[in-house]
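Here is a short report for a reader meeting this structure for the first time. Look at the chain, then read on.

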Amino acid sequence: MGISLTLFLNLNCLMLILFPYGKMFAQKGVNKAESFSKSVCSTAFFIIVYFFCCIPTFVDSFFVFPTIRQIPWILGGSVLSLLIEFSIFIIKYKKLKIATIRSGKFFELSLMLVMIPILEEIIYVLCLHILCESLNIPTFLFIIMSSISFGLGHFIYPKINIVTKTIWGLVFSVIYVLTGCIYIVIISHIINNLFLYLLGKTQKFKGDLWKN
């Protein structure tokens, strides 16, 4: 039985999205965060170039802008995902703890607070959704895959973050299905990162979660 080149490439992209960081486990003596960042960027670059060149609906998706009526989804996504995350922290630790970004360098902060959220939402939501549609994968399976892969993509952080970021992935993927606008989930994600960074800068929360 033959298989088309497009189907083959789509299946490969699907595997890259679901299991994108495997190679970093084989790199001994390499800084984990540095290896993680390189793996994220290289994977995202390959997938985005393929989608941009070969899948017309990918480019078309960036011309779907949020309407005035959809603006509340941005804040709603941020508030809901953060409230659930804080609730999980409080249940586990009996008080609120924050896993904040440790770097103070402008470029690294820009990367982690803005660029990584943009790449993550494009890969875990937009690209994955297009792939699922092309492979006739049901919407509810897309939501599950998007949530889990997004959560596992944060394994270099404290382990509880895999759980909380899976919740983020669930909220963002559902919002995208309901609105069809990638900008809504991107902005919501950036707001979350900025809020957690600023909250984590306070003495009360600074560095707490990394010690556990």
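## A turn after helix 4

Just after helix 4, K94 has a positive phi of about 70°. The model is a predicted one.

Helix 4 itself runs over residues 71-93. How far should its 23 residues span, at 1.5 Å a residue? The expected span is 33 Å, and the end C-alpha atoms are 34 Å apart, which agrees. The buried residues of helix 4 are I74, G77, S78, S81, L82, E85, F86, F89 and Y93. They pack against helix 7 and helix 8. At the end of the helix, the charged end of K92 sits over the ring of Y93, 5.5 Å from its centre.

## The overall fold

The chain has eight helices and zero strands. Read along the sequence, the pattern is α-α-α-α-α-α-α-α. Of its 212 residues, 47% count as buried.

Many contacts reach across the sequence. Take the contacts between residues at least 6 apart in sequence: 75% of them join residues at least 24 apart.

## Helix 1 and its buried face

Helix 1 covers residues 5-18, which is 14 residues. At 1.5 Å a residue it should span 20 Å, and its end C-alpha atoms are 20 Å apart, so the two agree. Which residues of helix 1 are buried? They are N10, C13, L14, I17 and L18. Seen down the helix axis, these buried residues fall within an arc of 130°, so they line one face of the helix.

I17 has contacts well beyond its own helix neighbours. Leaving out residues up to four places away in sequence, I17 touches I47, I123, Y124, C127, L128, L131 and S149.

## The nonpolar cores

The largest nonpolar core holds 45 residues. Which of them touch the most other members? They are I17, F51, F58 and C127. Seven helices each supply at least two residues of this core: helix 1, helix 2 (32-54), helix 4, helix 5, helix 6, helix 7 and helix 8. The largest share, 11 residues, comes from helix 5. A second, separate core has six residues, including I116, F155, I156 and Y157.

F58 lies in helix 3, residues 56-61. Is F58 buried or exposed? At 3% relative accessibility, it counts as buried. Leaving out residues up to four places away in sequence, F58 touches I48, F51, F52, I122, L126, C127 and I130. F58 and L126 are 68 residues apart along the chain, yet their C-alpha atoms are separated by 7.8 Å.

## Aromatic pairs

A pair of aromatic rings is described by the distance of the centres and the angle of the planes. The chain has eight aromatic pairs, counting rings whose centres lie within 6.5 Å. F86 and F195 form one of them: the pair is tilted, with 6.4 Å centre to centre and 40° between the planes. F86 lies in helix 4 and F195 in helix 8 (residues 182-200), so the pair ties together parts that are 109 residues apart in sequence. F86 is buried, with a relative accessible area of 14%. F195 is partly exposed, at 41%.

Y124 and F150 form an edge-to-face pair, 5.7 Å centre to centre and 90° between the planes. This pair also links distant parts of the chain: Y124 is in helix 5 (residues 106-134) and F150 in helix 6 (residues 139-152), 26 residues apart. Y124 is buried, with a relative accessible area of 4%. F150 is buried too, at 2% relative accessibility. Elsewhere, ring pairs link Y50, F51, F58 and F62 into a cluster.

## A buried lysine over a ring

K165 lies in helix 7, residues 160-179. Is K165 buried or exposed? With a relative accessible area of 6%, K165 is buried. K165 lies over the face of W168, at 4.3 Å from the ring centre.

What else does K165 touch, not counting residues up to four places away in sequence? The answer is E85, S147, F150, G151 and H154. Two of these appeared above: E85 is among the buried residues of helix 4, and F150 is the edge-to-face partner of Y124.

How values were computed:
Residues numbered from 1 in each chain as written. Predicted model: local features only at pLDDT ≥ 70, side-chain atom pairs only at ≥ 80, totals over all residues. Heavy atoms only, no water. Phe/Tyr/Trp six-rings, centres within 6.5 Å; stacked < 30°, edge-to-face > 60°. Helix = DSSP H or I, 4+ residues; strand = E, 2+ residues; numbered from the N terminus. Buried < 20%, exposed > 50% of the residue type's maximum accessible area, 1.4 Å probe, protein only. Lys NZ or Arg CZ within 6 Å of the ring centre and 35° of its normal. Expected span 1.5 Å × (residues − 1). Arc of directions from axis to C-beta. Contact = heavy atoms within 4.5 Å. Core = buried A, V, L, I, M, F, W, Y, C linked by side-chain atoms within 4.5 Å.
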